[in-house]
Structures are given as C-alpha cells and as structure tokens.
Amino acid sequence: MTGTDDLVIDVVRALAAFEGVEPHELPYSLHNHVATDAIRSLADSDDDRWELTFDVPDHVVTVNGSGEIRIDGDLIRRSDTRRSDRVS
C-alpha cells in the first residue's frame, strides 16, 4: 500500500469515526461518491496547494494537500500521509 492509498483509507476512517461506526459498517462505499483515483493523484502531486470537496450521503467532505480531512466543515483529522520522496 502506498502513502497515497493511505489518504483514501484515512478519509474512510474519518467518515466512520464521524458516524460512530467501524469503516466496514458505513452504509456506502466511498468510490461510489468520489473518484478515489483523483484523491490518490492529488495526494501524489508535488503541489500541496489543492483541495477536493465531495458529497457522500448526509455529509460534505473536504480533503486538502496538507492532509486535513473535514466533514461538514469540522476538522476531523489531519492525515500523516506524505509522499515518501517529499522533504519536510
């Protein structure tokens, strides 16, 4: 699994935590509401100045290049996902 896959997993985990369920108990699949490849591509880009907002049932999710995951505007978690070749 790559670091960019971790961001997609972090989004699923954030949604599950927000809903108070385990990730496998979410009543939907993330890939049915957003192109998860788009999240991976953005996370893998050299430019951290991006933001992606999408809808899932009952919520608006925003992720950005700094690793923030927001649900309905609330900061849920900051992903530690970083490209392995990035310099901090």
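Visitor: How is E19 classed by accessibility: buried, partly exposed or exposed?
Guide: A residue is buried under 20% relative accessible area, exposed over 50% and partly exposed in between (1.4 Å probe, protein chains only). The areas come from the Shrake-Rupley method with a 1.4 Å probe, and for residues only the protein chains shown count as cover. E19 has a relative accessibility of 34%, so E19 is partly exposed.

Visitor: What kind of model is this?
Guide: Residues are numbered from 1 along each chain as its sequence is written, and side-chain values use heavy atoms, with hydrogens and water left out. Local features need pLDDT of at least 70, side-chain atom pairs count only at pLDDT 80 or more, and totals for chains, interfaces and linings use all residues, as this is a predicted model.

Visitor: In which element does E19 lie?
Guide: Elements are DSSP runs numbered from the N terminus: helices are H or I with at least four residues, and strands are E with at least two. E19 belongs to the run of residues 3–19, which is helix α1.

Visitor: Which residues gather with E19 in a patch of negative charge on the surface?
Guide: Patch members have over 30% relative accessible area and no salt bridge; like charges are joined within 9 Å, and nonpolar side chains (Val, Leu, Ile, Met, Phe, Trp, Tyr) within 5 Å. Asp and Glu count as negative and Lys and Arg as positive, without His and the chain ends; a charge is placed at NZ of Lys, CZ of Arg, CG of Asp or CD of Glu. The residues that gather with E19 are D58, D72 and D74.

Visitor: Which sign does phi have in D58 and D72, positive or negative?
Guide: Most residues other than glycine have a negative phi. D58, in the loop between β1 and β2, is exposed at 74% relative accessible area, and its phi is near 75°. D72, in the loop between β3 and β4, is partly exposed at 38%, and its phi is about 55°. Neither residue is a glycine, and the sign in D58 and in D72 is positive.

Visitor: How many residues apart in sequence are the parts that R77 and D10 tie together?
Guide: The side chains of R77 and D10 meet in a salt bridge at 3.9 Å, N to O; the term requires a side-chain nitrogen of Lys or Arg within 4 Å of a carboxyl oxygen of Asp or Glu. R77 is partly exposed at 28%, whereas D10 is buried at 11%. R77 lies in strand β4 (residues 74–78) and D10 in helix α1, so the separation of the parts they tie together is 67 residues.

Visitor: How many salt bridges does the structure hold?
Guide: Among them, R49 pairs with D47 at 3.0 Å between the closest N and O atoms; R49 is exposed at 74% and D47 partly exposed at 34%. Another is E68 with R70 at 3.6 Å, N to O, where E68 is buried at 15% and R70 partly exposed at 28%. The total number of salt bridges is four.

Visitor: Which element gives the most residues to the largest nonpolar core?
Guide: Such a core is a set of buried Ala, Val, Leu, Ile, Met, Phe, Trp, Tyr and Cys residues joined through side-chain atoms within 4.5 Å. Of its 20 residues, V11, L15, L30, F54 and V61 touch the most other members. Two or more residues come from each of α1, α2 (36–43), β1 (51–56), β2 (59–64) and β3 (68–71). With six residues, the element that gives the most is α1.
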